[in-house]
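Please open the model in your viewer and keep the sequence alongside, so that each selection can be followed in both. The tour moves from a pair of strands to the sheet around them, and then to the helices.

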Amino acid sequence: MNIQNQAIRTFVERYGFEPQYLIRAPGRVNLIGEHTDYNDGFVFPMAINRAIWIALQPSNESAVQLYSKDFSEEFVMNINEIKHSAMPWGEYVAGMAWALTEHGLGLSGWRGVVAGDIPIGAGLSSSAAMELAVARAFSLAAGFEWKPLEVAKIAQFSENQWVGVNCGIMDQTIVAAGEEGHALMIDCRNLELQSVPLPAGTVVVILDTNTRRGLIDSAYNERRAQCEAAAAFFEVAALRDVSPEMFESHKEELEPTTRKRSKHIIYENQRVLDAVDALRRGDAESFGRLMNESHVSMRDDFEISRREMDIMVAFAQSEAGCLGARMTGGGFGGCAIALVDEGHAERFSYVVGNKYEEQTGIKAEIYITGAENGVRIVEL
């Protein structure tokens with residue numbers, strides 16, 4: 001039974017009637033442009049074929065009841081008295097309720113069941129998918145207008161101010177506005193979107209190293225502070241405003257660690273622009289080369305990779321059919337991605353997975369995906 005049917009069936013078992021709505025909110029991978037989002041830069045993510053599903057029924061009560069099939073626990077909240085939850089996943093529900101209220105949107109109660117197949121902690125944005133699925137549920141229950149980019153900003157506000165993760169805007173935007181068959185270049189300063197088709201005859205292979213990190217407990221916030229220090233040195237609003245030429249002229253004046261961090265961001269922004277140009281020309285090989293360069297930069301300059309990740313990426317890059325590979329997400333564990341010729345994808349996945357397990361003793365989870373639509377209501 002697929003995930004959506006599991007959510008519907010569990011809803012009926014718990015509440016005794018059919019849900020009125022079914023919501024799908026996808027996870028995402030970022031093809032290139034890592035840690036550039038909170039530097040007002042450019043990112044190039046796509047929504048994937050793994051998702052969070054919520055089956056729900058609006059109610060006239062002031063309570064939200066949401067049962068997690070994955071965790072076998074129920075979150076209950078009074079929308080007039082929003083509090084922090086002891087359940088980690090429940091914090092995303094409470095946080096979205098609080099953030100929507102803070103932005104002047106009225107709430108109404110609902111009952112629901114949530115289920116998903118986005119691996120938690122893998123860097124595939126299960127948190128943003130949860131936020132947008134919950135926000136869509138509140139919009140259906142309360143009847144407020146659904147504006148994807150505005151709600152993406154509210155979801156980021158929730159994660160920053162309620163959950164305590166100082167994330168950028170990328171994850172929420174792609175989950176809200178993803179487009180089938182396309183990646184989106186997002187200008188994180190003004191949220192301008194450019195839809196770019198993926199190369200014909202290719203797929204994205206997600207290579208989950210099964211190593212995990214928590215963004216709150218990682219060096220994420222430290223990296224962000226280092227980037228802000230570099231922007232202050234260059235006297236600009238954000239590192240997006242520093243060109244490679246400006247960086248090269250002044251790099252020796254920077255403290256060594258700050259120099260490496262800013263180098264990654266400045267050149268990564270340029271790689272995103274070059275990657276989009278390559279795809280518009282139909283040049284998948286150049287796109288793949290830029291992916292490879294991005295991984296080296298994250299490993300050596302931003303220092304957010306790890307041994308298992310580097311092993312996975314090296315195996316992927318050396319396998320037939322691979323155009324390029326890199327780690328994706330916040331770093332310190334999680335997933336790599338590879339752009340692969342569609343005809344090689346099954347064998348690529350099998351061989352790379354076996355080599356990785358032989359080398360590390362860890363069994364990888366590997367998924368083949370195309371680009372999917374963002375959060376949507378699925379007809380029941």
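Which residue in β6 stands opposite valine 64? Select valine 64 in this predicted model, and tryptophan 110 will be found facing it from β6. Extending the selection to the strands β4 and β6 shows that they pair in the parallel sense, over five bridges.

Next, display the whole sheet, which is open, has six strands in the order β5-β4-β6-β3-β1-β13, and shows mixed pairing. At its edges stand β5 and β13 (376-377), each of which has a single partner strand, so that one side of each is left without a neighbour in the sheet.

Now add helix α2, which packs on the sheet by touching β4, β5 and β6, and whose direction makes about 20° with that of β5. The end C-alpha atoms of α2 (residues 88-102) lie 21 Å apart, in agreement with the 21 Å that its 15 residues should span at 1.5 Å a residue. Colouring α2 by accessibility shows that eleven of the 15 residues are buried, so the helix is largely enclosed by the rest of the structure; among them are Trp89, Tyr92, Met96 and Leu100. The buried residues of α2 pack against the strands β4 (63-68), β5 (73-78) and β6 (110-116), and also against the helices α3 (126-142) and α4 (148-163). Just after α2, select glycine 104, which takes a positive phi of about 80°.

Finally, select α3, which lies across β1 (21-30), β3 (45-58), β4, β5, β6 and β13, and follow its run at about 40° to β3.

Definitions and conventions. Residues are numbered from 1 along each chain as its sequence is written. This is a predicted model: local features need pLDDT of at least 70, side-chain atom pairs count only at pLDDT 80 or more; totals for chains, interfaces and linings use all residues. Side-chain values use heavy atoms; hydrogens and water are left out. Helices (H or I, at least four residues) and strands (E, at least two) are DSSP runs, numbered from the N terminus. The expected span of a helix is 1.5 Å times one less than its number of residues. Buried means under 20% relative accessible area, exposed over 50%, partly exposed in between (1.4 Å probe, protein chains only). Contact means heavy atoms within 4.5 Å. Two strands pair if DSSP finds at least two bridges between them. Axes are lines fitted to C-alpha atoms, for helices over the stretch in contact, and angles run from 0 to 180 degrees between N-to-C directions.
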